[in-house]
Structures are given as structure tokens and as C-alpha cells.
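Please look through the sequence and the model below, and then read on for a report that begins with one residue and widens to the whole chain.

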Amino acid sequence: MLSLALGLLSLFLVMLLVIAIVRGPFYGFVEDGPFGPGTWGGPTKAGAWAVHAAIAVPIIVGLPFAVRGVGFLQAAVIRRLYGSATSRLVLPATILLAVGGALLFSSWAQQI
């Protein structure tokens, strides 16, 4: 069950990476507006584009490392399942990451 939770978290992070790649640097091509004073980088389209690109670039760079870390943790969970010696922190880290991933998904889904 924990491996499934980590797999779903990895899938969600990859989906966020694809969204960041498509919407971040190419924001002006995928969004027509409105670009009012209350929007990120508004009121101009160039300002909104620059802000979205500036936020997306660190996310695009960092998310592959996060997915790799979740993969390493998932491998440790599977090794523990098969009886190999692993750290005692694997189970608490997995539970913490699964709960954090569920909260991240919930907050992301509410802002759609």
C-alpha cells in the first residue's frame, strides 16, 4: 500500500512537471488573459509571462530530483518488504511523504 502511495505521488509530480514545462516558459502562448492588476506579473501580458517563467524554471529543474528521491524511497520500501536490511527511517519517511503528497494533491485540486 505504501509503495502504491509513493507511485501515485511520483505520477502526480511528473504531471506537475509537464504542466510547469508547458505553462511556465510558454505562458503567453497557452493563456490569453485577462491580465489585470491582481494577476501575477500583471497588468501586462509580458509581465505575467515573465513571472510565470521565473517561477516555472526552478520547478522544472527541481522536480526531477524530487521524483528521483521518491523513487529511491520506493526502492527502499520494496527492499524492506523482501526482508533486506534498510534504515529504520524508511517507514516513517514513507508515511510522512505519503501524507504530504496527499495534502499537496488536495491543495492543488482545490485551486483548479
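Leu16 has a relative accessible area of 19%, and because the cut-off for a buried residue is under 20%, Leu16 counts as buried. The model in which this value was computed is a predicted one. Leu16 has its place in helix H1, and, when residues up to four places away in sequence are not counted, Leu16 touches Leu63, Leu104 and Trp108. Along the chain, Leu16 and Ile59 are 43 residues apart, while in space their C-alpha atoms are 9.0 Å apart.

A second residue of helix H1, which covers residues 2–23, is Ser10. Ser10 is buried as well, with a relative accessible area of 13%, and its contacts, leaving aside neighbours within four places in sequence, are with Val67 and Val70.

Is Ile55 buried, exposed or partly exposed? Ile55, which lies in helix H3 (residues 45–81), is partly exposed, with a relative accessible area of 37%. The C-alpha atoms of Ile55 and Phe65 are separated by 17 Å, and these two residues are ten residues apart along the chain. Val30 belongs to helix H2 and is partly exposed too, with a relative accessible area of 39%.

The table sets these four residues side by side.

| Residue | Relative accessible area | State |
|---|---|---|
| Ser10 | 13% | buried |
| Leu16 | 19% | buried |
| Ile55 | 37% | partly exposed |
| Val30 | 39% | partly exposed |

Val30 also leads to a feature of the surface, since Val30 is one of the residues that make a nonpolar patch of about 620 Å², together with Val14, Val18, Ile21, Val22, Phe26 and Phe29. Which helices each supply at least two residues of this patch? Both H1 and H2 do so, and the largest share, four residues, comes from H1. For the chain as a whole, the accessible surface comes to about 7,400 Å², and 74% of this surface belongs to carbon and sulfur atoms.

We can now turn to the chain in full. Its secondary structure comes to four helices and zero strands, so that, read from the N terminus on, the elements run α-α-α-α. Buried residues make up 23% of the 112 residues. Among the contacts with a separation of 6 or more, 58% are accounted for by residues that lie 24 or more positions apart.

The overall dimensions complete this picture. The radius of gyration of the chain is 18 Å, whereas a compact globule of 112 residues would have one near 13 Å. Taken along the principal axes, the box that the C-alpha atoms fill is roughly 60 × 25 × 20 Å.

Finally, a careful reader will ask how confident the predictor is. The mean pLDDT of the chain is 86, and 98% of the residues reach 70 or more. Among the elements, helix H4 (residues 90–110) has the highest mean pLDDT, at 91, and helix H2 (residues 27–30) has the lowest, at 78. As a general caution, predicted coordinates should not be read in detail where pLDDT is low.

Terms used:
Residues are numbered from 1 along each chain as its sequence is written. This is a predicted model: local features need pLDDT of at least 70, side-chain atom pairs count only at pLDDT 80 or more; totals for chains, interfaces and linings use all residues. Side-chain values use heavy atoms; hydrogens and water are left out. pLDDT is the predictor's confidence in each residue, from 0 to 100. Buried means under 20% relative accessible area, exposed over 50%, partly exposed in between (1.4 Å probe, protein chains only). Contact means heavy atoms within 4.5 Å. The radius of gyration is taken over C-alpha atoms; the globule rule is 2.2 Å times the number of residues to the power 0.38. Accessible areas come from the Shrake-Rupley method with a 1.4 Å probe; for residues, only the protein chains shown count as cover. Patches are made of residues with over 30% relative accessible area and no salt bridge: like charges are joined within 9 Å, nonpolar side chains (Val, Leu, Ile, Met, Phe, Trp, Tyr) within 5 Å. A salt bridge is a side-chain nitrogen of Lys or Arg within 4 Å of a carboxyl oxygen of Asp or Glu.
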